[in-house]
Amino acid sequence: MRKHAFSLLFAIVAVVASASPAFAIATHSAQPVTVNYVAAFEPQFRNAFPFSGTMEMTFREGIVSGTYRDMSIRPGGPLHNGMNLPITGGTSGGNINFRIGSDFRVQGTIAQDGTIQGTAQYAGRLYNFLAKVGTPGSGG
């Protein structure tokens, strides 16, 4: 009987955990949650090799802060040679808006797995933006 009750309790916890948007809760947590990202962006209106970088973002009560580090091998990008550029912004539900440095603006959505997808704008140009949770070489 005890084994059956434990199995039932485990099943209920598993269903509740899978039904709740875990990352969405983390972005609005009272405690800071820091997440590492690998990011890429490319000009929206032409096929080009993407620019890339890493981000360390901290989420707390809908406020986003952190740093960006450029890893692009392509010269001349909007964030070229940027090391430890500040990230500031916020989240609201599944939406996220932030700046990297003072002029690179990102507007998009943040999925339950933490993926950020949207559009970036810099100097009047639009870019497709994608960031995945992880670190370079982590495979995931």
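Which loop holds Asn81? Asn81 sits in the loop between E3 and strand E4, the latter covering 85-92. That is one small detail of a predicted model in which eight strands close into an antiparallel barrel. Here's a quick tour, from the overall layout down to a few residues worth clicking on.

**Overall layout**

- The protein has two helices and eight strands, and along the sequence they come in the pattern α-α-β-β-β-β-β-β-β-β.
- Going round the barrel, the order is E1-E2-E3-E4-E5-E6-E7-E8, with antiparallel pairing.
- On average, neighbouring strands of this sheet are turned by 30° against each other, if you ignore direction.
- Of the 140 residues, 31% count as buried.
- The exposed surface comes to about 8,500 Å², and carbon and sulfur atoms supply 58% of it.
- If you take the contacts with a separation of 6 or more, 44% of them link residues 24 or more positions apart.

**How far to trust it**

- The average pLDDT is 82, and 81% of the residues score at least 70.
- Among the elements, E5 has the highest mean pLDDT, at 98, while helix H1 (residues 2-19) has the lowest, at 33.
- Over residues 1-21 the pLDDT stays under 50, and the model has two contacts for that stretch beyond four places in sequence.
- Where pLDDT is low, the predicted coordinates shouldn't be read in detail.

**Strand E8 and its two partners**

- E8 (residues 125-133) runs antiparallel to E7 (residues 116-122), and seven bridges join the two.
- Within that pair, Gln117 stands opposite Leu130, and Thr119 stands opposite Asn128.
- The hairpin of E7 and E8 has two residues between the strands, and Ala123 takes a positive phi there, near 50°.
- E8 is also joined to E1 by seven bridges, again running antiparallel.
- On the E1 side, Pro43 has Tyr127 of E8 as its bridge partner.

**The nonpolar core**

- The largest nonpolar core has 23 residues.
- Those with the most contacts inside the core are Tyr37, Met55, Met57, Phe98, Phe104, Ile116 and Phe129.
- At least two core residues come from each of these strands: E1 (33-43), E2 (51-60), E3 (63-70), E5 (95-100), E6 (104-110), E7 and E8.
- In soluble globular proteins, nonpolar side chains tend to be buried together.

**Tyr37 and Thr54, two buried residues**

- Tyr37 is in strand E1, and it counts as buried because its relative accessibility is 1%, where the cut-off is under 20%.
- The C-alpha atoms of Tyr37 and Tyr68 are separated by 9.3 Å, although the two residues are 31 apart along the chain.
- Thr54 is in strand E2, and its relative accessibility of 17% also makes it buried.
- Leaving aside neighbours within four places in sequence, Thr54 is in contact with Tyr37, Thr67, Tyr68, Arg69, Met71 and Pro136.

**Thr88, somewhere in between**

- Thr88 is found in strand E4.
- Its relative accessible area is 45%, so Thr88 is partly exposed.
- Setting aside residues up to four places away in sequence, Thr88 touches Val64, Asn97, Phe98 and Arg99.
- One of those partners, Phe98, is also listed among the core residues with the most contacts.
- The C-alpha atoms of Thr88 and Gly66 are separated by 6.8 Å, with their positions 22 residues apart along the chain counted as the separation.

**Positive phi in the loops**

- Most residues other than glycine have a negative phi.
- Glu61 isn't a glycine, yet it has a positive phi of about 50°; you'll find Glu61 in the loop between E2 and E3.
- Asn81 isn't a glycine either, and its phi is positive at about 60°.
- Buried or exposed, which is Asn81? Asn81 counts as exposed, because its relative accessibility is 54% and the cut-off is over 50%.

Notes. Residues are numbered from 1 along each chain as its sequence is written. This is a predicted model: local features need pLDDT of at least 70, side-chain atom pairs count only at pLDDT 80 or more; totals for chains, interfaces and linings use all residues. Side-chain values use heavy atoms; hydrogens and water are left out. Two strands pair if DSSP finds at least two bridges between them. Helices (H or I, at least four residues) and strands (E, at least two) are DSSP runs, numbered from the N terminus. Axes are lines fitted to C-alpha atoms, for helices over the stretch in contact, and angles run from 0 to 180 degrees between N-to-C directions. A nonpolar core is a set of buried Ala, Val, Leu, Ile, Met, Phe, Trp, Tyr and Cys residues joined through side-chain atoms within 4.5 Å. Buried means under 20% relative accessible area, exposed over 50%, partly exposed in between (1.4 Å probe, protein chains only). pLDDT is the predictor's confidence in each residue, from 0 to 100. Contact means heavy atoms within 4.5 Å. Accessible areas come from the Shrake-Rupley method with a 1.4 Å probe; for residues, only the protein chains shown count as cover.
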